[in-house]
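Biologist: Before I rely on the words used for this fold, I would like to go through a few of them with you and hear the reasoning behind each.

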Amino acid sequence: MIAEEEPAGWRGGGLRVVMIAPPWYDVPPAAYGGIESMVADLVAGLSRRGHEVTLIGAGKPGTSARFLATYAVPPSERIGEAMPEVLHAARAHGMLSGLETDIVHDHSLAGPLHAGCRAVPTVITCHLTMDGEFGDYYRSLGTGVVMVGISRAQRRSAPELPWAGVVHNAVDIASFPFREDKEDWVLWLGRFNEDKGAHLAIDAARAAGRRIMLAGKLTEPVERGYFAEHVAPRLGADAEYVGEADAVGKRELLAAAHCLLFPILWEEPFGMVMIEAMACGTPVVAFGRGAVPEVVADGVTGFVLDRPEELPEAIEAAGKLDPHACRSRVADHFGVEAMAAGYERVYRKVIAEAAARAEPAGGTRGLMPLN
């Protein structure tokens, strides 16, 4: 859902959109890959709205869009290294030179560095936090790009950046199984990083007398180090690591769990797993940092908390919440059609503003192909 109104000069008609995904996983991903899942859903939503989408990514085609691959096999094992990202951006830039498009929508990190070379505007969705070096990077991009936030909290953290709007991430609700009857264990699902709070989730579940299942990505050195120091010593009969769940396994876990624990220790820009859980009718118990208060309806689809000692009581209380309210929350606010409509409004706004800057008063300008 986008905060801005439709721009002056609004007009219909399909747009030619080039979507650039990160290089690390297939689109859609087989397992971990929140950005790639979001991109796949956005491609589907835009296509249904009559837009012509070309997707540049890595691996094999998996959407309805025309697909151009920068890597035959995604370099997933090298995630975190600079060179695959840089090479992906360079190859994508070369592919763009042969395409006609109205707008480029870039989800990669290095790709926006080429935006100033294009005759059409570039929109970037910021999937990262705005502090530290990431914030410095986005500030350094200058006027060659416009930015879309994935939450109001993310945008508030850096109001000086060239934001074109806020569009919440979404899920294909129909692809998530709804289950009203829940099992007695709780779930933590994510990336094994200290900021995701897996250790706090184990402690809270144990204090509540509940078994906990943990599923998540454990491939990067920082993830393995955190797991060895803070997670592995806490595992036992009531705390089980089940590996990195694939798309099917993730949905089964999310649908069956008593609740999802999301005790994050950072200002998370969104948190896809929250809407995935709620789409399955599963409430979310989370700390109220980053976008959490925008996603979870406190006391209705979960609980938004401040302190670790509040978690056990909330875990028990989650069983009294209505699974139908959880799914309705996603249908009303985080569906693919709402996301696609939000991005369409951004595209048209950005294209109209670019045309106005390029033409003298009273002039007209058509949409330009890339040079």
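Modeller: Let us start with a helix pair, bearing in mind that this is a predicted model: helix α8 (residues 272-279) and helix α11 (residues 323-333) have axes that come within 7 Å and cross at roughly 125°.

Biologist: Why is α8 called oblique to α11?

Modeller: The crossing angle is roughly 125°, and since roughly perpendicular covers 65 to 115 degrees and roughly antiparallel begins over 145, with the rest counted as oblique, α8 is oblique to α11. The contact is formed by Ile-275, Met-278 and Ala-279 of α8 together with Cys-326, Arg-327, Arg-329 and Val-330 of α11, and by class it has five nonpolar, no polar and two charged residues.

Biologist: What makes α1 roughly perpendicular to α12?

Modeller: Helix α1 (residues 34-48) and helix α12 (residues 336-358) pack at an angle of about 75°, their axes being 8 Å apart. Because angles of 65 to 115 degrees count as roughly perpendicular, that is the term for α1 and α12. Residues on both helices make the contact, including Met-38, Leu-42 and Arg-48 of α1 and Glu-337, Tyr-343 and Tyr-347 of α12, and the contact residues divide into eight nonpolar, one polar and three charged.

Biologist: How do you know that the buried residues of α6 are on the same side of the helix?

Modeller: The buried residues of helix α6 (residues 221-231) are Glu-223, Tyr-226, Phe-227 and Val-231, and they cover an arc of only 100° around the axis, which puts them on the same side of α6. These buried residues pack against β8 (186-191), α5 (198-207), β9 (212-217) and β10 (239-241), whereas the face turned away from the buried side carries the exposed residues Pro-221, Val-222 and Glu-229.

Biologist: Why is His-127 called buried?

Modeller: His-127 has a relative accessible area of 14%, and because buried means under 20%, His-127 is buried. Its place is in the loop between β5 (122-126) and α3 (132-140).

Biologist: Which residues is His-127 in contact with, leaving aside its neighbours within four places in sequence?

Modeller: His-127 is in contact with Ile-35, Met-38, His-107, Ile-150, Gln-154 and Pro-269. Ile-35 is 92 residues apart from His-127 along the chain, and their C-alpha atoms are separated by 7.5 Å.

Biologist: What makes the link between the side chains of His-127 and His-107 a polar contact?

Modeller: The two side chains are joined at 3.0 Å, and because a polar contact requires a pair of N or O atoms within 3.5 Å, that distance satisfies the cut-off.

How values were computed. Residues are numbered from 1 along each chain as its sequence is written. This is a predicted model: local features need pLDDT of at least 70, side-chain atom pairs count only at pLDDT 80 or more; totals for chains, interfaces and linings use all residues. Side-chain values use heavy atoms; hydrogens and water are left out. Axes are lines fitted to C-alpha atoms, for helices over the stretch in contact, and angles run from 0 to 180 degrees between N-to-C directions. Helices (H or I, at least four residues) and strands (E, at least two) are DSSP runs, numbered from the N terminus. Angles under 35 degrees count as roughly parallel, over 145 as roughly antiparallel, 65 to 115 as roughly perpendicular and the rest as oblique. Contact means heavy atoms within 4.5 Å. Ala, Val, Leu, Ile, Met, Phe, Trp, Tyr, Cys and Pro count as nonpolar, Asp, Glu, Lys and Arg as charged, and the others, Gly among them, as polar. Buried means under 20% relative accessible area, exposed over 50%, partly exposed in between (1.4 Å probe, protein chains only). The arc is that of the directions from the helix axis to the C-beta atoms. A polar contact is a pair of N or O atoms within 3.5 Å; within protein, one must be able to donate a hydrogen and the other to accept it, and residues adjacent in sequence count only if both atoms are side-chain atoms.
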